[in-house]
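Subject: Handover of a structure with a ligand

Hello,

Please find the structure below. My notes on the ligand, the pockets and the backbone follow.

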Amino acid sequence: MSDFQLYCFAQSGNAYRAALMLNLIGAKWEPIWADFFAAGVQRTPEYRTDVNEMGEVPVLVHGGKKLTQSGVILTYLANQSGKFKPQGEDEELQALRWIIFDNQKVNGFLGPFRFLKNFAKPAGDPAVMAFLQGRAQGNLAIVNKRLTGRQYLVSDKPTIADISMTGYLYYPAEEFGFDIAKDYPAIGAWLKRMQALPGWKHPYDLMPGYPFGTSGYRNH
Ligand SMILES: N[C@@H](CCC(=O)N[C@@H](CS)C(=O)NCC(=O)O)C(=O)O
């Protein structure tokens with residue numbers, strides 16, 4: 001029996017943050033596939049009543065506790081495990097600062113951009129796409145500058161801020177139409193450092209839903 005259950009699906013970079021954290025801390029966890037695309041479960045009254053009133057993944061279940069919002073889940077798991085925990089008030093505040101910037105401005109733009117480009121029917125309006133891409137790339141440049149000359153976002157060790165920031169950044173370049181690791185070299189080098197952590201897995205290998213429309217995994 002797993003200690004944790006996580007509502008998630010392979011295409012969700014928001015859910016990936018929580019799935020990656022669970023794997024990196026070596027937790028016993030199992031995914032619950034939320035079929036958002038075909039079945040649209042997040043819009044059902046049952047999901048909103050029983051799972052998450054916000055109609056989103058990730059949702060972490062731990063015994064009688066149910067948590068949503070990846071930043072909250074990451075904080076909870078860092079407190080539970082003592083791993084990837086920012087040390088002291090300054091680091092805690094810095095981590096929160098980067099998690100909020102990520103949620104709103106980095107993966108917060110990149111996620112909808114990739115969704116409209118790859119999965120939405122009809123695909124996104126060109127003006128909307130140009131806006132989202134411009135905002136995402138401008139904010140990736142800010143993260144790239146932050147990571148230039150530093151190993152991780154808030155300290156010399158990886159914290160939950162780094163795990164949050166990985167959100168959509170490992171998905172294939174074709175899904176964006178530009179190559180994040182190449183275009184932003186400090187981000188590219190940092191992604192490799194994160195990838196070297198024991199327990200790291202690609203989102204398509206970690207969460208069910210690959211290939212698109214199935215509940216499978218890429219390399220299982
Ligand atoms: N800030 C939230 C974002 C969660 C989120 O937007 N998840 C997407 C999946 S990638 C979702 O559930 N969307 C459903 C919807 O908006 O209808 C977090 O980090 O947990």
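Start with the ligand contacts. A polar side-chain atom of Asn14 is 3.5 Å from a ligand nitrogen atom. Arg17 also makes a contact: a polar side-chain atom of Arg17 lies 3.1 Å from an oxygen atom of the ligand. From Val57 it is a backbone N or O atom, 2.9 Å from a nitrogen atom of the ligand. The protein covers 76% of the 510 Å² of accessible area that the ligand has on its own. Accessible areas come from the Shrake-Rupley method with a 1.4 Å probe; for residues, only the protein chains shown count as cover. A polar contact here is a pair of N or O atoms within 3.5 Å; within protein, one must be able to donate a hydrogen and the other to accept it, and residues adjacent in sequence count only if both atoms are side-chain atoms.

Two points on provenance. This is a predicted model, where local features need pLDDT of at least 70, side-chain atom pairs count only at pLDDT 80 or more, and totals for chains, interfaces and linings use all residues. Residues are numbered from 1 along each chain as its sequence is written, and side-chain values use heavy atoms, with hydrogens and water left out.

Now the shell. There are 14 residues around the ligand (a heavy atom within 4 Å). Ser12, Glu56, Val57, Gln69 and Ser70 come nearest. By class, the shell has 4 nonpolar, 7 polar and 3 charged residues. Ala, Val, Leu, Ile, Met, Phe, Trp, Tyr, Cys and Pro count as nonpolar, Asp, Glu, Lys and Arg as charged, and the others, Gly among them, as polar.

Which space does the ligand take? It is the largest pocket, with a volume of about 660 Å³. Of the 26 lining residues, Ser12, Asn14, Glu56, Val57 and Tyr168 are closest to the centre of this pocket. α4 (88–118) supplies the largest share of the lining, 7 residues. The lining divides into 10 nonpolar, 11 polar and 5 charged residues.

On method: a pocket is an open set of points on a 1 Å grid over the protein atoms alone, where a 1.4 Å probe fits, with protein on both sides within 12 Å along at least five of seven lines; lining residues have an atom within 4 Å of a point. A molecule sits in a pocket if more than half of its atoms lie within 2 Å of its grid points. Points are joined across faces, edges and corners, and a volume is the space filled by probe spheres set on them. Helices (H or I, at least four residues) and strands (E, at least two) are DSSP runs, numbered from the N terminus.

The second largest pocket holds about 240 Å³. Its lining has 17 residues, split into 12 nonpolar, 3 polar and 2 charged. α8 gives the most, with 5 residues.

Last, the backbone. Val57 and Pro58 are joined by a cis peptide bond, omega about 0°. Pro58 is in the loop between α2 (45–51) and β3 (59–62). Lys121 and Pro122 also share a cis bond, omega about -5°. Gln69 has a positive phi, near 75°. It sits in the loop between β4 (65–68) and α3 (70–81). Most residues other than glycine have a negative phi, and most peptide bonds are trans.

Best wishes
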